[in-house]
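Visitor: Hi! Could you walk me through this fold?
Guide: Happy to. Here it is.

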Amino acid sequence: MCHWRGLPLVCPRCRGALAARPPGAACRQCDAEYAEQEGVLELVAGRRGAPGFDPHFFSTLREVEDRHFWFVGRRQVVLSALRRCVPDLASRRLFDVGCGSGGLLTFLSHSGVRVAGACDVYPESLRLVRERLDVPLVRVDEGRPLPLGSGYDLLGLFDVLEHIDDDLSALRALCQSLVPGGVLVLTVPAHQMLYDEMDEIAFHRRRYERAGLRRVLEESGFEVRLLSHFMSPLVPILMLIRSAGKRLPGGRSRALERRRVEFRVVPGVNAAMRGVLALERAAMVHAPVPFGSSLVAVAVRGR
(Lines give C-alpha, C1' and ligand atoms only; values in the text may rest on other atoms or scores of the structure.)
Protein backbone atom coordinates (compact mmCIF):
# COMPACT_ATOMS: atom_id res chain seq x y z
CA MET A 1 0.00 0.00 0.00
CA CYS A 2 1.31 3.44 -0.94
CA HIS A 3 1.01 6.38 1.41
CA TRP A 4 0.52 9.01 -1.28
CA ARG A 5 1.09 12.29 0.51
CA GLY A 6 0.44 10.50 3.78
CA LEU A 7 -2.80 8.81 2.65
CA PRO A 8 -3.18 5.00 2.69
CA LEU A 9 -4.62 4.24 -0.76
CA VAL A 10 -5.17 1.18 -2.96
CA CYS A 11 -5.81 0.57 -6.64
CA PRO A 12 -9.50 1.12 -7.54
CA ARG A 13 -9.32 -1.62 -10.18
CA CYS A 14 -7.81 -4.55 -8.27
CA ARG A 15 -7.34 -3.25 -4.69
CA GLY A 16 -3.62 -3.89 -5.14
CA ALA A 17 -0.85 -1.93 -3.45
CA LEU A 18 0.13 1.38 -5.01
CA ALA A 19 3.63 2.67 -5.56
CA ALA A 20 4.48 6.33 -5.92
CA ARG A 21 5.29 7.12 -9.55
CA PRO A 22 5.70 10.91 -9.69
CA PRO A 23 3.74 12.91 -10.34
CA GLY A 24 1.12 10.23 -9.56
CA ALA A 25 0.98 6.59 -8.56
CA ALA A 26 0.85 3.11 -10.11
CA CYS A 27 -0.49 -0.25 -9.00
CA ARG A 28 2.14 -2.85 -8.14
CA GLN A 29 -0.29 -5.65 -9.04
CA CYS A 30 -2.02 -4.61 -12.30
CA ASP A 31 0.37 -1.80 -13.30
CA ALA A 32 -2.46 0.69 -13.78
CA GLU A 33 -1.22 4.29 -13.64
CA TYR A 34 -2.97 7.21 -11.96
CA ALA A 35 -2.07 10.79 -12.71
CA GLU A 36 -1.83 13.67 -10.29
CA GLN A 37 -2.94 17.06 -11.56
CA GLU A 38 -2.71 20.21 -9.46
CA GLY A 39 -2.56 18.22 -6.25
CA VAL A 40 -5.50 15.93 -7.13
CA LEU A 41 -4.76 12.23 -7.61
CA GLU A 42 -7.09 10.82 -10.28
CA LEU A 43 -7.68 7.47 -8.58
CA VAL A 44 -10.49 6.33 -10.88
CA ALA A 45 -11.12 3.18 -12.88
CA GLY A 46 -13.34 4.87 -15.43
CA ARG A 47 -16.64 3.33 -14.32
CA ARG A 48 -19.58 5.17 -12.86
CA GLY A 49 -22.66 4.16 -10.91
CA ALA A 50 -26.00 5.90 -10.55
CA PRO A 51 -25.67 9.68 -9.98
CA GLY A 52 -25.25 10.70 -6.37
CA PHE A 53 -25.31 14.47 -6.76
CA ASP A 54 -25.85 17.26 -9.29
CA PRO A 55 -22.49 19.08 -9.53
CA HIS A 56 -24.36 22.14 -10.83
CA PHE A 57 -25.12 23.02 -7.20
CA PHE A 58 -21.49 23.19 -6.00
CA SER A 59 -21.06 26.82 -7.05
CA THR A 60 -24.28 27.75 -5.26
CA LEU A 61 -23.13 25.98 -2.10
CA ARG A 62 -19.81 27.83 -2.25
CA GLU A 63 -21.64 31.16 -2.33
CA VAL A 64 -23.94 30.58 0.65
CA GLU A 65 -22.46 27.97 2.99
CA ASP A 66 -20.41 30.41 5.08
CA ARG A 67 -23.54 32.44 5.89
CA HIS A 68 -26.66 30.27 5.58
CA PHE A 69 -28.00 29.12 8.95
CA TRP A 70 -28.28 25.46 7.90
CA PHE A 71 -24.65 25.09 6.87
CA VAL A 72 -23.36 27.23 9.74
CA GLY A 73 -25.46 25.26 12.21
CA ARG A 74 -24.34 21.89 10.87
CA ARG A 75 -20.64 22.76 11.04
CA GLN A 76 -21.02 23.89 14.65
CA VAL A 77 -22.83 20.65 15.54
CA VAL A 78 -20.05 18.56 13.96
CA LEU A 79 -17.28 20.49 15.73
CA SER A 80 -19.07 20.25 19.07
CA ALA A 81 -19.62 16.49 18.61
CA LEU A 82 -15.94 15.92 17.82
CA ARG A 83 -14.73 17.93 20.80
CA ARG A 84 -17.10 16.13 23.17
CA CYS A 85 -16.58 12.56 21.95
CA VAL A 86 -12.96 12.46 20.79
CA PRO A 87 -10.74 13.43 23.73
CA ASP A 88 -7.55 12.96 21.70
CA LEU A 89 -8.86 14.95 18.73
CA ALA A 90 -5.67 17.01 18.51
CA SER A 91 -3.65 13.87 17.71
CA ARG A 92 -5.92 12.70 14.87
CA ARG A 93 -6.14 13.78 11.23
CA LEU A 94 -9.50 13.98 9.47
CA PHE A 95 -10.06 12.55 6.00
CA ASP A 96 -13.30 13.85 4.49
CA VAL A 97 -15.18 11.35 2.30
CA GLY A 98 -17.33 13.28 -0.18
CA CYS A 99 -16.04 16.74 0.64
CA GLY A 100 -18.44 18.70 -1.57
CA SER A 101 -17.54 22.37 -1.90
CA GLY A 102 -15.27 22.17 1.12
CA GLY A 103 -16.97 24.63 3.46
CA LEU A 104 -17.32 22.27 6.41
CA LEU A 105 -13.80 20.88 6.01
CA THR A 106 -12.34 24.39 5.82
CA PHE A 107 -14.23 25.42 8.96
CA LEU A 108 -12.96 22.38 10.87
CA SER A 109 -9.41 23.06 9.72
CA HIS A 110 -9.61 26.70 10.85
CA SER A 111 -11.07 25.47 14.18
CA GLY A 112 -8.01 23.39 14.97
CA VAL A 113 -8.94 20.00 13.51
CA ARG A 114 -5.98 18.58 11.63
CA VAL A 115 -6.87 17.58 8.06
CA ALA A 116 -5.30 14.60 6.30
CA GLY A 117 -7.09 15.17 2.98
CA ALA A 118 -10.37 14.57 1.18
CA CYS A 119 -11.97 12.80 -1.75
CA ASP A 120 -14.94 13.32 -4.01
CA VAL A 121 -16.38 12.04 -7.26
CA TYR A 122 -16.66 15.42 -8.96
CA PRO A 123 -13.84 17.59 -10.35
CA GLU A 124 -16.03 20.65 -9.65
CA SER A 125 -15.95 19.79 -5.95
CA LEU A 126 -12.22 19.25 -5.77
CA ARG A 127 -11.44 22.49 -7.61
CA LEU A 128 -13.41 24.44 -5.01
CA VAL A 129 -11.69 22.63 -2.13
CA ARG A 130 -8.28 23.30 -3.70
CA GLU A 131 -9.05 27.04 -3.65
CA ARG A 132 -9.60 26.84 0.12
CA LEU A 133 -7.19 24.25 1.49
CA ASP A 134 -3.74 22.97 0.62
CA VAL A 135 -4.34 19.30 1.47
CA PRO A 136 -4.08 16.04 -0.53
CA LEU A 137 -7.17 15.49 -2.68
CA VAL A 138 -8.32 12.34 -4.47
CA ARG A 139 -10.93 11.94 -7.18
CA VAL A 140 -12.76 8.62 -6.90
CA ASP A 141 -15.34 6.69 -8.91
CA GLU A 142 -19.06 6.92 -8.29
CA GLY A 143 -20.73 3.64 -7.36
CA ARG A 144 -17.50 1.73 -6.68
CA PRO A 145 -15.75 0.87 -3.40
CA LEU A 146 -13.53 3.69 -2.24
CA PRO A 147 -9.80 3.12 -2.89
CA LEU A 148 -8.94 3.67 0.78
CA GLY A 149 -6.44 1.40 2.46
CA SER A 150 -6.28 0.80 6.20
CA GLY A 151 -4.70 3.27 8.60
CA TYR A 152 -7.05 6.24 8.97
CA ASP A 153 -7.84 7.42 12.49
CA LEU A 154 -10.64 9.93 11.77
CA LEU A 155 -13.11 9.89 8.86
CA GLY A 156 -15.85 12.40 8.03
CA LEU A 157 -18.99 11.55 6.07
CA PHE A 158 -21.14 14.66 5.98
CA ASP A 159 -24.51 14.24 4.24
CA VAL A 160 -23.06 11.58 1.94
CA LEU A 161 -24.42 8.24 3.19
CA GLU A 162 -27.96 8.98 2.00
CA HIS A 163 -26.63 9.24 -1.58
CA ILE A 164 -25.18 5.69 -1.55
CA ASP A 165 -27.22 2.69 -2.73
CA ASP A 166 -25.67 0.13 -0.37
CA ASP A 167 -25.05 2.08 2.83
CA LEU A 168 -24.20 -1.02 4.88
CA SER A 169 -21.40 -2.09 2.55
CA ALA A 170 -20.07 1.46 2.42
CA LEU A 171 -19.95 1.72 6.21
CA ARG A 172 -18.29 -1.69 6.53
CA ALA A 173 -15.58 -0.59 4.11
CA LEU A 174 -15.03 2.65 6.03
CA CYS A 175 -14.80 0.69 9.28
CA GLN A 176 -12.07 -1.49 7.77
CA SER A 177 -10.20 1.61 6.61
CA LEU A 178 -10.01 2.87 10.20
CA VAL A 179 -7.43 1.72 12.70
CA PRO A 180 -8.87 0.01 15.81
CA GLY A 181 -10.23 2.86 17.89
CA GLY A 182 -10.57 5.01 14.77
CA VAL A 183 -13.52 7.42 14.65
CA LEU A 184 -16.23 8.09 12.07
CA VAL A 185 -18.26 11.30 12.36
CA LEU A 186 -21.25 11.65 10.05
CA THR A 187 -24.43 13.57 9.38
CA VAL A 188 -27.51 12.42 7.44
CA PRO A 189 -31.04 13.74 6.79
CA ALA A 190 -33.61 12.40 9.24
CA HIS A 191 -37.17 11.03 9.14
CA GLN A 192 -38.30 9.08 6.09
CA MET A 193 -41.73 10.68 6.50
CA LEU A 194 -40.12 13.93 5.26
CA TYR A 195 -38.87 12.33 2.05
CA ASP A 196 -40.25 14.22 -0.95
CA GLU A 197 -39.28 15.72 -4.33
CA MET A 198 -36.50 17.73 -2.69
CA ASP A 199 -34.81 14.48 -1.71
CA GLU A 200 -35.30 13.11 -5.21
CA ILE A 201 -33.63 16.05 -6.97
CA ALA A 202 -30.80 15.81 -4.42
CA PHE A 203 -30.37 12.10 -5.36
CA HIS A 204 -31.12 10.92 -1.83
CA ARG A 205 -31.78 7.20 -1.64
CA ARG A 206 -33.35 7.53 1.81
CA ARG A 207 -33.65 9.54 5.00
CA TYR A 208 -32.78 7.94 8.35
CA GLU A 209 -34.55 7.17 11.56
CA ARG A 210 -32.38 7.31 14.66
CA ALA A 211 -32.80 3.60 15.45
CA GLY A 212 -32.09 2.64 11.85
CA LEU A 213 -28.87 4.63 11.72
CA ARG A 214 -27.70 3.09 14.97
CA ARG A 215 -28.47 -0.38 13.61
CA VAL A 216 -26.57 0.05 10.35
CA LEU A 217 -23.57 1.52 12.18
CA GLU A 218 -23.46 -1.34 14.67
CA GLU A 219 -23.89 -3.95 11.92
CA SER A 220 -20.90 -2.36 10.18
CA GLY A 221 -18.65 -2.90 13.19
CA PHE A 222 -18.94 0.48 14.92
CA GLU A 223 -19.62 1.34 18.54
CA VAL A 224 -21.87 4.41 18.65
CA ARG A 225 -20.64 7.11 21.04
CA LEU A 226 -23.07 9.88 20.07
CA LEU A 227 -26.32 9.84 18.12
CA SER A 228 -28.60 12.87 18.15
CA HIS A 229 -31.03 14.75 15.99
CA PHE A 230 -30.43 18.41 15.20
CA MET A 231 -32.20 21.10 13.16
CA SER A 232 -35.35 20.50 15.24
CA PRO A 233 -36.97 23.87 14.30
CA LEU A 234 -37.15 22.73 10.67
CA VAL A 235 -39.30 19.64 11.29
CA PRO A 236 -42.71 21.36 11.59
CA ILE A 237 -41.84 23.63 8.65
CA LEU A 238 -40.90 20.68 6.45
CA MET A 239 -44.00 18.75 7.47
CA LEU A 240 -46.22 21.67 6.41
CA ILE A 241 -44.36 22.05 3.12
CA ARG A 242 -44.58 18.34 2.43
CA SER A 243 -48.29 18.25 3.20
CA ALA A 244 -48.97 21.24 0.95
CA GLY A 245 -46.76 19.83 -1.80
CA LYS A 246 -48.95 16.77 -2.17
CA ARG A 247 -51.85 19.01 -3.11
CA LEU A 248 -50.04 21.17 -5.64
CA PRO A 249 -49.16 20.37 -9.28
CA GLY A 250 -45.69 20.49 -10.85
CA GLY A 251 -43.77 18.26 -8.43
CA ARG A 252 -40.19 18.39 -9.78
CA SER A 253 -40.26 21.97 -11.11
CA ARG A 254 -41.78 23.11 -7.82
CA ALA A 255 -39.05 21.28 -5.90
CA LEU A 256 -36.32 22.97 -7.97
CA GLU A 257 -37.79 26.37 -7.21
CA ARG A 258 -38.07 25.47 -3.54
CA ARG A 259 -34.41 24.46 -3.55
CA ARG A 260 -33.43 27.85 -4.95
CA VAL A 261 -35.54 29.58 -2.30
CA GLU A 262 -34.05 27.52 0.54
CA PHE A 263 -30.53 28.46 -0.54
CA ARG A 264 -31.29 32.17 -0.19
CA VAL A 265 -29.84 33.98 2.81
CA VAL A 266 -32.63 36.18 4.22
CA PRO A 267 -30.89 38.35 6.85
CA GLY A 268 -33.59 38.52 9.55
CA VAL A 269 -34.68 34.90 9.20
CA ASN A 270 -31.10 33.73 8.95
CA ALA A 271 -30.06 35.50 12.15
CA ALA A 272 -33.09 34.22 14.05
CA MET A 273 -32.49 30.62 12.97
CA ARG A 274 -28.82 30.80 13.89
CA GLY A 275 -29.84 31.95 17.37
CA VAL A 276 -32.38 29.16 17.80
CA LEU A 277 -29.89 26.53 16.60
CA ALA A 278 -27.31 27.84 19.08
CA LEU A 279 -29.81 27.09 21.86
CA GLU A 280 -30.36 23.63 20.41
CA ARG A 281 -26.60 22.94 20.47
CA ALA A 282 -26.45 24.02 24.10
CA ALA A 283 -29.19 21.52 24.92
CA MET A 284 -27.35 18.74 23.05
CA VAL A 285 -24.49 18.97 25.55
CA HIS A 286 -26.82 17.58 28.23
CA ALA A 287 -28.90 15.07 26.24
CA PRO A 288 -29.56 13.96 22.64
CA VAL A 289 -32.20 16.02 20.85
CA PRO A 290 -35.23 13.74 20.32
CA PHE A 291 -36.23 15.05 16.90
CA GLY A 292 -34.84 17.14 14.07
CA SER A 293 -34.46 17.17 10.30
CA SER A 294 -30.88 15.82 10.54
CA LEU A 295 -28.88 13.33 12.57
CA VAL A 296 -25.28 13.50 13.77
CA ALA A 297 -23.33 10.44 14.91
CA VAL A 298 -19.87 9.74 16.26
CA ALA A 299 -18.91 6.06 16.07
CA VAL A 300 -15.72 4.16 16.88
CA ARG A 301 -14.25 1.05 15.29
CA GLY A 302 -14.05 -1.59 17.97
CA ARG A 303 -10.66 -2.75 19.12
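Guide: We can go through the sheets, the crossovers, a cavity, the cysteines and one proline, keeping in mind that this is a predicted model.

Visitor: Great. In what order do the strands of the 9-stranded sheet run?
Guide: The order is β6-β7-β10-β9-β8-β11-β12-β14-β13, in an open sheet with mixed pairing.

Visitor: And which strands stand at the edges?
Guide: Those are β6 (36-37) and β13 (222-230). Each has a single partner strand, so one side of each has no neighbour in the sheet.

Visitor: How many residues of β13 are buried?
Guide: β13 is mostly covered, with 7 of its 9 residues buried.

Visitor: How is β13 joined to β14, parallel or antiparallel?
Guide: β13 and β14 (residues 294-301) run antiparallel, with 8 bridges between them. If you want a spot to look at, find Glu 223, which has Val 300 of β14 opposite.

Visitor: Let's move to β9. How many of its residues are buried?
Guide: β9 spans residues 115-120, and 6 of its 6 residues are buried.

Visitor: How does β9 pair with β8?
Guide: β8 (residues 94-97) and β9 are parallel, paired over 4 bridges. Asp 96 has Ala 118 in β9 as its bridge partner. Between the two strands the chain passes through helix α3 (residues 103-110), giving a right-handed β-α-β crossover.

Visitor: And how does β9 pair with β10?
Guide: That pairing is parallel too, over 3 bridges, with β10 covering residues 137-139. Ala 118 turns up again here, standing opposite Leu 137 in β10. The chain gets from β9 to β10 by way of helix α4 (residues 123-132), and this β-α-β crossover is right-handed.

Visitor: What about β11 and β12, parallel or antiparallel?
Guide: Parallel: β11 (residues 152-158) and β12 (residues 178-189) are joined by 6 bridges. One residue pair to look for is Phe 158 and its bridge partner Thr 187 in β12.

Visitor: OK, now the 3-stranded sheet. What is its order?
Guide: β3-β4-β5, an open sheet with antiparallel pairing. β3 (18-21) and β5 (33-34) are the edge strands, each with a single partner, so one side of each is left without a neighbour in the sheet.

Visitor: How many bridges link β4 and β5?
Guide: β4 (residues 24-27) and β5 pair over 2 bridges, in the antiparallel sense. Look for Ala 26 with Glu 33 of β5 opposite.

Visitor: Changing topic: how many cavities of 30 Å³ or more are there?
Guide: The search of the whole structure turns up 1. Its volume is about 40 Å³.

Visitor: Which residues line the largest cavity?
Guide: The lining consists of Val 77, Ser 80, Ala 81, Arg 84, Leu 226, Arg 281 and Met 284. By type, they divide into 4 nonpolar, 1 polar and 2 charged.

Visitor: Which helix gives the most to that lining?
Guide: α2 does, with 4 residues. Both α2 (69-85) and α10 (267-284) supply at least two residues each.

Visitor: Now the cysteines. How many disulfides does the count come to?
Guide: The count comes to 0.

Visitor: Why is Cys 11 not bonded to Cys 30?
Guide: Their sulfurs are 3.7 Å apart, which is too far for a bond, because a disulfide here needs the sulfur atoms within 2.5 Å. Cys 30 does hold the closest cysteine sulfur to that of Cys 11. Cys 11 counts as buried, at 0% relative accessibility.

Visitor: And how far is Cys 85 from the nearest cysteine sulfur?
Guide: For Cys 85 that distance is 17 Å, to the sulfur of Cys 175, and Cys 85 is in no disulfide. Cys 85 is buried as well, with a relative accessible area of 18%.

Visitor: Last one: where does Pro 123 lie?
Guide: Pro 123 is in helix α4, the helix on the way from β9 to β10. Pro 123 counts as partly exposed, at 33% relative accessibility.

Visitor: How far apart are Pro 123 and Glu 209 in space?
Guide: They are 32 Å apart, C-alpha to C-alpha, with a separation of 86 residues in sequence.

Methods: Residues numbered from 1 in each chain as written. Predicted model: local features only at pLDDT ≥ 70, side-chain atom pairs only at ≥ 80, totals over all residues. Heavy atoms only, no water. Buried < 20%, exposed > 50% of the residue type's maximum accessible area, 1.4 Å probe, protein only. Pairing = 2+ DSSP bridges. Right-handed = clockwise from strand over helix to strand, strands pointing away. 1 Å grid on protein atoms, 1.4 Å probe; cavity = no way out; pocket = protein on both sides within 12 Å on 5 of 7 lines; lining within 4 Å. Points joined across faces, edges and corners; volume = space filled by probe spheres on them. Nonpolar A, V, L, I, M, F, W, Y, C, P; charged D, E, K, R; others polar.
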